[in-house]
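Open the model in your viewer and keep the sequence panel beside it. This tour tells you what to select at each stop.

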Amino acid sequence: MTTPPPAPRRKKGWMTLKVTRVEDETWDTKTFYLEDSVENGCPFDYIAGQYLTLRFDKIAEKAVARSYTMSSSPNQPGFSALTIKRVEGGLVSNWMCDNLKVGDEVKALGPIGKFCYDPAKFQPHLIMLGAGSGVTPFVSMVREYADKLGQEGAPREMTLLVAYRSKLDLICWPDLVELNKIPGVNIITTLTREDAQSEGFLHGRPDDAMFKKVLEGTYQNSSYMTCGPEAMMDQFVEFLKAQDVPHEHIHLESFGN
Ligand SMILES: Cc1cc2nc3c(=O)[nH]c(=O)nc-3n(C[C@H](O)[C@H](O)[C@H](O)COP(=O)(O)OP(=O)(O)OC[C@H]3O[C@@H](n4cnc5c(N)ncnc54)[C@H](O)[C@@H]3O)c2cc1C
């Protein structure tokens with residue numbers, strides 16, 4: 001008789017997490033490493049793609065809450081990491097990037113969310129399309145599955161198409177470059193406002209021509225996930241529908257709170 005896997009560790013209600021490390025990703029994006037404020041380590045189990053809701057009681061007249069997806073992966077033990085990109089005029093993203101420092105505490109709820117790879121339902125090839133901060137769930141998934149491809153519970157192959165404005169906007173880049181060397185992982189980056197094709201980047205916004213070039217031949221054996229601007233996600237879904245990809249193989253996450 002096989003023993004069932006242990007139930008995932010969860011904390012009921014609002015947790016207090018301590019910031020243990022802050023890293024600059026780009027000029028407008030930082031990664032915050034969080035641990036339990038008392039016992040250290042990550043006090044909950046999560047699946048790549050899930051998010052935390054953070055609550056701030058003192059940065060505005062009323063308490064404010066925003067959700068942030070883990071960019072770390074469950075196989076990086078001891079912490080969870082959130083990668084926050086400043087939104088122009090935005091309250092919480094700018095406050096965090098300007099003020100939140102090592103030793104500070106945040107209130108967090110979670111993990112929450114179903115925008116996750118599901119081995120029981122997904123096709124063997126996992127294809128992800130992200131842009132800007134919408135890359136965070138996919139960074140987590142690549143970190144989680146890249147060295148398990150083909151094993152039980154993991155996809156057989158992964159393709160990530162990600163769009164940034166320029167080379168100054170590459171989030172979690174050193175890790176993604178390393179992970180891209182693993183056979184079966186294919187990370188393709190397009191720059192919308194800089195032409196760096198000589199360095200291996202695509203150029204321009206993701207559009208039908210780019211989807212066709214990158215995805216040709218994948219439509220029958222793939223599941224698709226996308227997170228980013230609504231217009232990009234809509235275009236992707238229309239494109240996939242036109243290729244007769246069944247809607248149950250297409251998964252979307254919106255970052256609009
Ligand atoms: C499930 C989920 C996961 C997410 N994961 C991430 C992640 O991993 N990383 C990440 O960076 N973000 C993520 N987000 C987005 C994040 O939750 C916030 O929406 C984002 O940080 C902006 O919050 P803010 O408080 O800075 O901006 P807000 O203050 O909410 O402002 C948002 C926009 O509205 C405008 N605005 C604000 N007030 C007004 C007003 N009175 N009139 C007109 N316009 C106004 C602002 O100028 C800004 O453009 C996620 C969202 C969801 C739902």
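Two strands count as paired if DSSP finds at least two bridges between them. Keep that in mind for the first stops. Note too that this is a predicted model.

**Stop 1: the six-stranded sheet**

Select β7, β8, β9, β10, β11 and β12. They form an open sheet of six strands. Read across the sheet and the order is β10-β9-β8-β7-β11-β12, with parallel pairing. Strands of a sheet pair through backbone hydrogen bonds, either parallel or antiparallel.

Which strands stand at the edges? Select residues 202–203 for β10 and 250–253 for β12. Each has a single partner strand, so one side of each is left without a neighbour in the sheet.

**Stop 2: from β7 to β8**

Colour residues 125–131, which are β7, and 157–164, which are β8. Seven bridges join β7 to β8, and the two run parallel. Now pick M128. The bridge partner of M128 in β8 is L160. Follow the chain from β7 through α2 to β8: this β-α-β crossover is right-handed.

Is β8 enclosed or open to the outside? Seven of its eight residues are buried, so β8 is largely enclosed by the rest of the structure.

**Stop 3: on to β9 and β10**

Select β9, residues 185–191. Seven bridges join β8 to β9, again in parallel. Show Y164 and L191: L191 in β9 is the bridge partner of Y164. Add helix α3, residues 173–179. Together, β8, α3 and β9 make a right-handed β-α-β unit.

Move along to β10. Two bridges join β9 to β10, and these strands run parallel. Here T190 has L202 in β10 as its bridge partner.

**Stop 4: the helix across the sheet**

Select residues 136–145 to light up helix α2. What does α2 lie across? The helix lies across β7, β8, β9 and β11, the last being residues 222–227. Turn the view to compare directions: α2 runs at about 145° to β7.

Keep α2 selected for the core. The largest nonpolar core has 31 residues. Those with the most contacts inside this core are M128, M141 and V142. Six elements to highlight, β7, α2, β8, α3, β9 and β11, each give two or more residues to this core. The largest share, five residues, comes from α2.

Return to M128 and show its surroundings. Leaving aside neighbours within four places in sequence, M128 is in contact with F138, M141 and V142. M158, T159, L160, L161 and M225 are also in contact with M128.

There is a second, separate core, of 22 residues. Select V19, L52, F56 and M70, which are among its members.

**Stop 5: helix α1**

Jump to residues 91–99, helix α1. Show V92, S93, N94, M96 and C97, which are buried. What do the buried residues of α1 pack against? Their partners are β2 (29–36), β3 (51–56), β4 (64–69) and β5.

**Stop 6: salt bridges**

How many salt bridges does a search of the whole structure find? The search finds twelve. Visit three of them.

Begin with D98 and R86. These two form a salt bridge, with the closest N and O atoms 2.7 Å apart. The pair links distant parts of the chain, twelve residues apart: D98 is in α1, while R86 is in the loop between β5 (80–85) and α1. D98 is exposed, at 51% relative accessibility. R86 is partly exposed, at 26%.

Next, select R21 and E23. Their side chains meet in a salt bridge, at 2.6 Å from N to O. R21 is partly exposed, with a relative accessible area of 38%. E23 is partly exposed too, at 29%.

Last, select E144 and K148, whose side chains meet in a salt bridge at 3.0 Å, N to O. Buried means under 20% relative accessible area. At 11%, E144 counts as buried. K148, at 26%, counts as partly exposed.

**Stop 7: a proline in α3**

Go back to α3 and pick P174, which lies in this helix. Is P174 buried or exposed? At 62% relative accessibility, P174 counts as exposed. Finally, add E25 to the selection. P174 and E25 are 149 residues apart in sequence, and 9.9 Å apart in space, C-alpha to C-alpha.

Key
Residues numbered from 1 in each chain as written. Predicted model: local features only at pLDDT ≥ 70, side-chain atom pairs only at ≥ 80, totals over all residues. Heavy atoms only, no water. Salt bridge = Lys/Arg side-chain N within 4 Å of Asp/Glu carboxyl O. Buried < 20%, exposed > 50% of the residue type's maximum accessible area, 1.4 Å probe, protein only. Helix = DSSP H or I, 4+ residues; strand = E, 2+ residues; numbered from the N terminus. Contact = heavy atoms within 4.5 Å. Axes fitted to C-alpha atoms, helices over the stretch in contact; angles between N-to-C directions. Right-handed = clockwise from strand over helix to strand, strands pointing away. Core = buried A, V, L, I, M, F, W, Y, C linked by side-chain atoms within 4.5 Å.
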